[in-house]
Amino acid sequence: MLAFLHQVLSGLATGGIYASVALALVMIYQATHQVNFAQGEMATFSTYMAWKMIDSGFPYWAAFLLTLVFAFVVGVTIERVIVRPFYKAPVLSVVAVFIGLLLIINSLSGAIFDYTIKPFPSPFPSDAWYGSPYLSSHEVGMIFVTLMVLALIFAFFRFTPLGLAMRAAAENPVSSRLVGVRVGWMLALGWGLAGMIGAVAGMMTAPIVYLDPYMMFSVLLYGFAGALLGGIDNPWGAVLGGFIVGVLQNLAGAYVVGTELMVTVALVIIVGILVIKPSGLFGRTIVTRV
Amino acid sequence: MRFRTSLLTAAALLALAGPAFAADAPGVTATEIKIGNTMPYSGPASAYGVIGKGETAFWKMVNEQGGVAGHKIDFISVDDGYNPAKTVEQARRLVEQDGVAFLFNPLGTPSNTAIEKYLNQKKIPQLFVATGADKWGNYKDFPWTIGWQPSYRTEAEIYARYILQEKPNAKIGVLYQNDDFGKDYLAGLKDGLGDKYAKMVIKEASYEVTDPTIDSQVVTLQGAGVDTLVTAATPKFAAQTIRKVYDIGWRPLHFMTNVSISVASVMEPAGVEKAVGLISASYGKDPTDPTWKDDPGMNQWRDFMKKYMPGADLADASYVYAYGVSLTMLQVLKQCNGDFSRENVMKQAANLKDFELPTVLPGIKLNTSPTNYHPIRQMQLEKWNGKTWVLFGKVLGGAGS
Amino acid sequence: MATLDTSRPAAAALFAGLSLRAWKVIGLAAVLAAACVLPFTISSYQLLLANQVIVYAVALLGLNILTGYNGQFSLGHGAFYAIGAYCTAILLDKTGIPYWATIPLAGALCFVAGFLFGLPALRLEGHYLALATFALAVATPQLLKYKDFDFLTGGVQGIVISGPDTPGGLPLRSDQWLYFFCLLWTVPLFVLAWNLLRGRTGRALMAIRDHPLAASSMGIDLARYKSLTFGVSAMYTGIAGALGALLAQFVSPDSFDLFLSIRFLVGIVFGGLASMAGVFFGAIFIEFVPNLADLVSKAAPQAIYGIVLIVCMYLMPTGVMGLLRALGHKLGRLVAR
Amino acid sequence: MSGPAANGAAKPLLGVDGLSVHFGGIVALDNVSFRVEAGQICGLIGPNGAGKTTLFNVLSRLYQADSGTIEFEGKPLLRQARHAIAPLGIGRTFQNLALFRSMTVRDNVMIGGHCRARGGFAANALRLPFVGREERTLGERALRLIETLELGAVADTPVAALPFGTQKRVELARALASEPKLLLLDEPAGGLNHEEVEHLRDLIGSIRDRLGVTVLLVEHHMSLVMNVSDKVVALDFGRKIADGTPQEVQRNPEVIKAYLGGEL
Amino acid sequence: MSAILETRGLSAAYGPTAVLKSVDLSVPQGGIVTLLGANGAGKTTTLRALCNMMVRVSGEIRFDHQRIDGKATEDIVRLGIAHVPDGRGTFVSLSVEENLRLGAYTRRDRQVAQDFERIYGYFPRLKERRRQQAGTLSGGEQQMLAISRALMLRPKLLLLDEPSFGLAPLVVQEIFRILRGINEQEGVSMLLVEQNANIALELAGYAYLLETGRVVLDGPPSTISSDESVRRSYLGY
């Protein structure tokens, strides 16, 4: 029973990582109706910047804030320079561009910072959480940060005119222009904010999994699964989805089939749930009349 | 012009197709030897690409120092993305298009497996392959393929014998990467423990390279009551394992694969104090271990790095590996005495006698013969004391194959 | 192969006064003739590359039937390529079946696998289908190396097989024979796809892509069509995998990583969605651009690959065939003037 | 082509009985019953949101009914699969267009005839002889419809490039290509000017008279509905409020109050 | 009365296909102008061209004495031109209220809350459904929403593309009554594209007749409706 509890808690910790990436995906989806496959690599690259700054003597929080600014600027720039010419291109062409971006950023991380892993500091105390062997204080802190980001995103989309305009721009650019929304900047802003959220996710993930160019590669996959499972148009659902994926993975590995097929089983379960509930557990079904 | 080139290519092809005479020496001209190599410069195993870069720098150094017996080395290293299908294509490019004399240190177990048959059929040496699998000493079936480093299986066998001796009632758990590398450790433990394996190994847990963490696996192993842990994980996961084991207050007797004992890229990220008591076995010197700070052998390597790979990460043990294996290759070329035919190169590769490398542990010597295709078959156990690895016991030879 | 283009009057036809159809036939014959002469003019290594391009083209055609024509997004077609390859490798390794007989068996197996996978996939669209198919690509290597299947798959070590020998009496090297063997499969597969896609079935596939609801109101059984399309698509890609196994003479889980599926997707997008001729351009791209990138930079070959990809998409947002069609229209208008 | 249905048969072509549909808490259709005899043109009118399009969507099995029955030629319709509706002989158009936008007019119309051919995957891939014959028949019929509806000039243009009104005609041609016995038209006059509406009226008339197709017509264009219909059914808030000849319905006070307003 | 909107030689094309050929239009300050024409004559394209939306435009457009041709759609809208597009342009995944809030997106004044009540007064149906996803509304309700959203901008000029499309006769009368009220009370100018020529000419003070992208006839409603071909094609009496 204790072991079971332990598995669940450690799953929650991993799930927290997925949840934080899922939030970045929700952000970009709400703002552009696209799933950016390069999101994880952008987060990794931002985390490298933070590492570089801390390594050269910046205090943690200064580096943290500067990294957020950096990630925002990078996000906006990528949108303006690389993605923008493709807004009229077919969806799959855009997907190909995202794949290209993923390869470029991943490769650059490796070329600039090489492939050996780097330890990344945590802003939280380094001892275990209240002496508990189950969760470290960083893991608890990370879950807390994720929930905070979630609350911010939720409030942003729900209560601010800018959030509303962003959702509108993603859904229907033509109509958005007709109500005076500057669609181009909304999309760029969405990329910038998603970049920032990704950077937070990266800086929270790195102390746990260590920093290397592939740090976010698989995290993105599970974050994506979590976001879809919970509902990609719903930040709460996405975060919950992330936690579910984390716990599910652990339990599947520990109790169902053994570790060698753990990924397979977890994915089969996720896809199975989606087949039954095609818009995610908490996603809204968009009804359009014919 | 074009026509001529294709004629020349055709001629080269004809030469390849015919029986190889020593005098033909494909890939060798009066002034040059062409050596081929495949590496994962792209894809998930790109971390190993630095080996290829180190080797390229090494041959540049050799050429600047005058080459081998009046021959410059044309080292052609190409990307296979760690995809065996691509390796096949690239190996054939190297042989048929570029006309290399032989392949040196192609990386990856599946990649080498994919080209082994082709190269042996064509009687092209596949020298000092960069993989720790055990199969690379099969001189009977594949006389043109030779390994270099001690196999993972040998290493695991050493751990198994140590456990049998020191802790005969151990409850062993294995944490392994779900690929050829990890599974070789399972095989080695089976070799070493024999029929006790089923009783002693009470839990096996694997992870995928795509898993973000191994927390769940560590918890599972602890939960199963394991008191002796053998970890076959790459550096990132090794560091995670050491830290997680410590953090959950678990103190098993912990063996760590030789792949992941770098001070800079495993011990320090994991937390040097969390790794105290960790046992491993090694054959090479760790560039980040203070023990070798003033070691003349390692200084030789450092000089090379300073001059030919400025700016490279000196903590990366892959460069030490590249240097060591290249030195071995150089020795073989020197032994060839000017006859760089494929037969002679292979013959000399299988004729190393007590060759010593500056980058391997003192007392370890490289030996090969027509019936011994395992150049390095010795390792020494070592224990982490919180600051450095402390060697203990004798230099051990695996029973090997 | 641009001559396969179905659409509107091409300029050249008007120009020469020959019917478009006649030009297509002439062009196709020329391409086929060139394909037959090719193996006698290039080196054995170049032939390997050419052969790999042909094999990829078949795989891409499979994916294009599903994604380009039917609008079902797959990030997991590498899995079917793997299943096809393993089917051939296992049959050659474990049974006495002749190599040529393994190809249809691999195709049949993949058809069934694709059809079965298509059933649950029916309920998923867009990103959800992408996730499901991606999951397939993740799961396949894991299953291939699973310990209980070791006895068949050879586990992580994979299976080494022998390539086919030239049948007695033919004056061909074995690699030349292998090329013709692949061609013998490829040409009929393209003809079948051509027939399939330009008739009633093809129209139904495209109708489903454009407006599934309206399509079902026209009496098109979505479930049947979509899952059968998945099956046919998997069959094509699976046959390509089987031929690819003969080409590499080796299969292992590492040969079919996630990036294979992604490369297939890149291939059809680069060549042009819903275009049969485009798959050849796509195949050329995914085969040669990595080599090119490797030549340019050892430090970051994938960055080069990514840049080339993005620049190509920038210049040709609808792929090579999209560009050719647009050029054709322009030319057509010029000539008509 | 199906022959003109015999009038006076005991069973109506379409019989809707006690039909109710709910979306969440909203009642879209509330116990609606009416019948359409073979060969009739039946107008369906009512305020926006009264449930007219919902009724169409239930008939084409896009929506599920909560209770009630629909019989078509005496057979229960609600047990049929969505894709079985067209083969039974019910064709439709959509209020906001549901064309296959990237495909040409000709292909759109040929897809309309999908349910009148049978070549499947294997037969098509192998191009069996009967497939070629079917293709020719389908192609010829499509061509005739294209000409009838004056679409000849744009036959090989992708429909996305056409003006709204033209697309509406493509939809009509597509629906007719399925050789329906019952044709559901959802606001065919939307976006048409007076002259075009007159054409449309003649067209609907001739579809019934020449092709023997029964028509159920949702339309707000009152002069069209009243001129062309044999009977009119009026809905409001999902309930039927009137059912009768155009004149009867037009004079019905509830219809005037809910729908027509003071003037006509 | 000066013109709030004026075009000189307005042409527009979709890709290579020219649709509008040198059209001169004028909408007087506070006036209502209607565009008549057959299907494909270029009416919708005219409205799109004015907003620089989805078409390639050339020629001169003045709004409030200011050149607006070449400006981005959103900047044109911010000057006070609201467009009720064909096909309604509903944000289907957003609620009815969010759609309306977006209508007032560019406004910074404090009267937005009152305007909600005004709109709900016009269309009680929308108030009932304000929390509902707009995509679930019926076609007619979405048309009401589109007009309401445009009104939320408090525009100086309203471009209406077939406001009667898909609406029941009673609602059409109601909407045109509302439009007339807005025009009279708030002085909002309107450019109206409408197939229902009777009601359009009743509302408008001036009309243009388009044929294949050119103005072939213009004048006050009485002049227009006395033209024989207009009577036959558009009015039916």
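**Notebook: a cavity and the C–A contact**

I looked for enclosed spaces first and got 14 cavities of 30 Å³ or more in the structure. (A cavity here is a set of points on a 1 Å grid over the protein atoms alone where a 1.4 Å probe fits but cannot get out.) This is a predicted model, where local features need pLDDT of at least 70, side-chain atom pairs count only at pLDDT 80 or more, and totals for chains, interfaces and linings use all residues. Residues are numbered from 1 along each chain as its sequence is written, chains are lettered from A in the order in which they are written, and side-chain values use heavy atoms, with hydrogens and water left out.

Next I picked the second largest cavity, with about 360 Å³ of space. I found 24 residues lining it (an atom within 4 Å of a point), and those nearest its centre include Ser42(B) and Arg263(C). α13(C) gives the most to this lining, 5 residues. By type I noted 11 nonpolar, 7 polar and 6 charged residues in the lining.

Then I turned to where chain C meets chain A. I see 41 residues of chain C and 47 residues of chain A in contact (heavy atoms within 4.5 Å). The two chains bury about 3,600 Å² between them, 80% of it on carbon and sulfur atoms (accessible area lost on being put together, 1.4 Å probe, summed over both). His127(C), Tyr128(C) and Leu131(C) supply 19% of the area that chain C buries here, more than any other three residues.

How many salt bridges cross this interface? I got 0 between chain C and chain A (side-chain nitrogen of Lys or Arg within 4 Å of a carboxyl oxygen of Asp or Glu). On the side of chain C that touches chain A, I noted 32 nonpolar, 6 polar and 3 charged residues.

Key: On a 1 Å grid over the protein atoms alone, a cavity is a set of points where a 1.4 Å probe fits but cannot get out, and a pocket is an open set with protein on both sides within 12 Å along at least five of seven lines; lining residues have an atom within 4 Å of a point. Grid points are joined across faces, edges and corners, and a volume is the space filled by probe spheres set on the points. Helices (H or I, at least four residues) and strands (E, at least two) are DSSP runs, numbered from the N terminus. Ala, Val, Leu, Ile, Met, Phe, Trp, Tyr, Cys and Pro count as nonpolar, Asp, Glu, Lys and Arg as charged, and the others, Gly among them, as polar.
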